[in-house]
Amino acid sequence: MRKKQFKAESKKLLDMMINSIYTHKEIFLRELISNASDATDKLYFKSLTDGGINADELQIRIDIDKEARTLTVSDKGIGMTAEELESNLGTIAKSDSLNFKNENKDNENIENLEVIGQFGVGFYSSFMVADRVEVISRALGSDSANKWVSEGVEGYTVEPCEKEETGTTVILHIKKSTETEDYEQYLDQYRIEDLVKKYSDYIRYPIVMEIESQVPDKENKGEWLTEVNEETLNSRVPLWRKNKNEIKPEEYNEFYKQKFYDYTDPMLVIHSKTEGQATFDALLFIPENVPMDYYSKEYEKGLQLYSNGVLIMDKCSDLLPDYFGFVRGLVDSADLTLNISREVLQHDHQLKIIAKAIDKKIKSELTKLLKNDREKYEKLFKTFGVQLKWGIYADYGMNKEGLKDLILFKSSNGGYATLKEYTERMADSQNDIYYACGESEEKIALLPQVEAVKEKGYEVLFCTDDVDEFAIQMLMEYNGKHFANIQKDEVDLSTDAEKEAMKEKNESSKELLDKMKESLGGEVSAVKFTNKLGSHAVALSAEGYVSLEMAKVLSQMPGGNEGVKAQLVLEINSEHPIVKKLEGADEETLNKYTKILYNQARLIAGLSIDNPTEFADMICEMM
């Protein structure tokens, strides 16, 4: 029998098909099952018009023969004639499935045909794991069958053979393992089960295989018997394609835990079907807890991407913005323009449309949750709120409009507050949104500035996360109200008369204040009297753009931010008894008082002091 050469027929091209197109060798099984599904779909399509076919008998079968080193994938589909074997398998990159759909495009039943294979190269992935491939096929309505055999780039043969049923059988003669490649895994039933579950779990036809298992021997205790049963490996009907009204919460929870290896139920389930510029199903989950590796370099965000129920990508990062990186789930779309290997997209136009719709949907569901189940939303925000705030700050604030109503802050009024709630509670005379930063809401509540602002009847937002102030700076304003850090020197809630009196007090005490500033050796940019500390003696504020908390955060970041410092102002309560002590002190005592007050102010602000021992000694001495 004369061996025929491939058409389109460069050996170099086929070699590239076998070795370069696919990232993972395991993909071959997905491709063969997809081809079998397409062939079965064509037969089912014929049955809609011609009849005489029992759709319930349609299935895909996998058989393993370890001794012969063969892996076989069989279908009861439409089959191929000798001419079709030569045309479809002898021509690289010819898709008979796509041709079939194009030829029947005017048939009203064509929408029921979900073509998976579109490029005609998937079959050749077999040669990544096999050194010989046999295809035995009998076409629908034909009395004879034919066998196509190839060992790769050297060509192929086609000859008549015997086959009782319509359909196609692909037999792979698996390569022997090498030092770098493990081919034995493709003869292991558990590995094949795993690959079917991973890539082809939602093929609409049953994928069956005989499974060996060990069971106790009832007659001989302590002995085990090998039992062989035929099992269906795939789930078939994807949960996300079912009507939401038919799905119980327990089904969503169980699906999530099995699919994403979590031991707790998801906090929120988002199930949607979108039609329009892109048609797709999405099933998304927000976890109860932060994934273990979420803040590590190893964490990969992204959604599983399916095309007609076939897994294309396990982590498609382009489908989720970073601020929703904690969302798990999947997207299934038949509209994707895939590349030749189906492992990546040919271009990203459709993907961008899908990603935009998903982003909008998640925001919509979070907004709904915030409105309808405040307790649950607050729980979600405690877990993932920092990520949403980073989303406001990242990318130069381009996402802030969509996120600003989803963020929460602890409030001096108690509990959480949204920016909308804060501004709706503002007094008519209030022009700014007041906030303060610190390690915890308890520590912030004790700040002198917070006490003074609360005495004026104003609410204060407590910023306890490192990102808070950066997000606020990026927002700049909310509904026409600007943000004001009450730990900044320029925030002054005094009346005009009080401001004028304080200005005169500072001018008349200039010599004293200059001496105090000089004694601190450049640690502060100014020392001044103030009336905005309530009952407290002293506090630190900052001048300029960099606040106290911002300087702390930047100094802890890698990349040489240690030199970033706030311009500190030492503020002394003009009504406190300590003022008389300062005004009556000699130079040496004044220096000691100044250092004590400065260190006290640093501690109140949550800053460290350079010499705690000296500070303690000075206090003891003054006592």
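## Arg-69 and Asp-395: two positive phi angles

Let's start with Arg-69, which counts as buried because its relative accessibility is 18%, under the 20% cut-off. In this predicted model, Arg-69 sits in the loop that links β1 and β2. Its backbone deserves a look as well: Arg-69 is not a glycine, yet its phi is positive, at about 60°.

Asp-395 makes a good companion to Arg-69. Asp-395 also is not a glycine and has a positive phi, here about 55°. You will find Asp-395 in the loop between α8 (374-393) and α9 (400-403). With a relative accessible area of 48%, Asp-395 is partly exposed.

## The eight-stranded sheet

The strands β1 and β2 on either side of Arg-69 belong to an open sheet of eight strands. Reading across the sheet, the order is β5-β4-β3-β6-β2-β1-β7-β8, and the pairing is mixed. Strands of a sheet can pair in parallel or antiparallel fashion, through backbone hydrogen bonds. At the edges are β5 (156-161) and β8 (224-232), each of which pairs on one side only. On average, neighbouring strands of this sheet are turned by 20° against each other, with direction ignored.

For a closer view of one pairing, follow β3 (residues 130-138) and β6 (residues 167-174): these strands run antiparallel and are joined by eight bridges. One residue pair to pick out is Arg-138 with its bridge partner Gly-167 in β6.

## Helices across the sheet

Two helices are worth tracing over these strands. Helix α2 (residues 27-50) lies across β1 (60-65), β2 (70-75), β6 and β7 (207-216), and its direction makes an angle of about 25° with β2.

Helix α5 (residues 189-199) lies across β1, β2 and β7. Relative to β7, α5 runs at about 135°.

## Helix α15 and its two faces

Further along the chain, which residues of helix α15 are buried? In this helix, spanning residues 510-519, they are Leu-512, Leu-513, Met-516 and Ser-519. These four lie on the same side of α15, because they cover an arc of only 125° around the axis. The helical repeat helps here: an α-helix has 3.6 residues a turn, so residues three or four places apart point the same way.

The buried residues of α15 pack against a mix of helices and strands: α14 (496-508), β20 (526-530), β22 (567-573), α17 (578-583) and α18 (587-604). Turned away from that buried side is a face carrying the exposed residues Lys-510, Glu-511 and Glu-518. After α15 comes Gly-521, with a positive phi near 60°.

## The chain as a whole

Stepping back, the chain has 623 residues, and 50% of them are buried. It contains 19 helices and 22 strands. Of the contacts between residues at least 6 apart in sequence, 69% join residues at least 24 apart. The accessible surface of the chain is about 31,400 Å², with 46% of it belonging to carbon and sulfur atoms.

## Where to read with care

The average pLDDT of the chain is 87, and 89% of the residues score at least 70. Residues 108-113, however, have a pLDDT below 50, and the model gives this stretch 13 contacts beyond near neighbours in sequence. Residues 115-119 also stay under 50, with 25 contacts in the model beyond four places in sequence. Where pLDDT is low, the predicted coordinates should not be read in detail.

Note on methods
Residues numbered from 1 in each chain as written. Predicted model: local features only at pLDDT ≥ 70, side-chain atom pairs only at ≥ 80, totals over all residues. Heavy atoms only, no water. pLDDT = per-residue confidence, 0-100. Contact = heavy atoms within 4.5 Å. Buried < 20%, exposed > 50% of the residue type's maximum accessible area, 1.4 Å probe, protein only. Areas by Shrake-Rupley, 256 points an atom, 1.4 Å probe, with all protein chains shown as cover. Arc of directions from axis to C-beta. Pairing = 2+ DSSP bridges. Axes fitted to C-alpha atoms, helices over the stretch in contact; angles between N-to-C directions.
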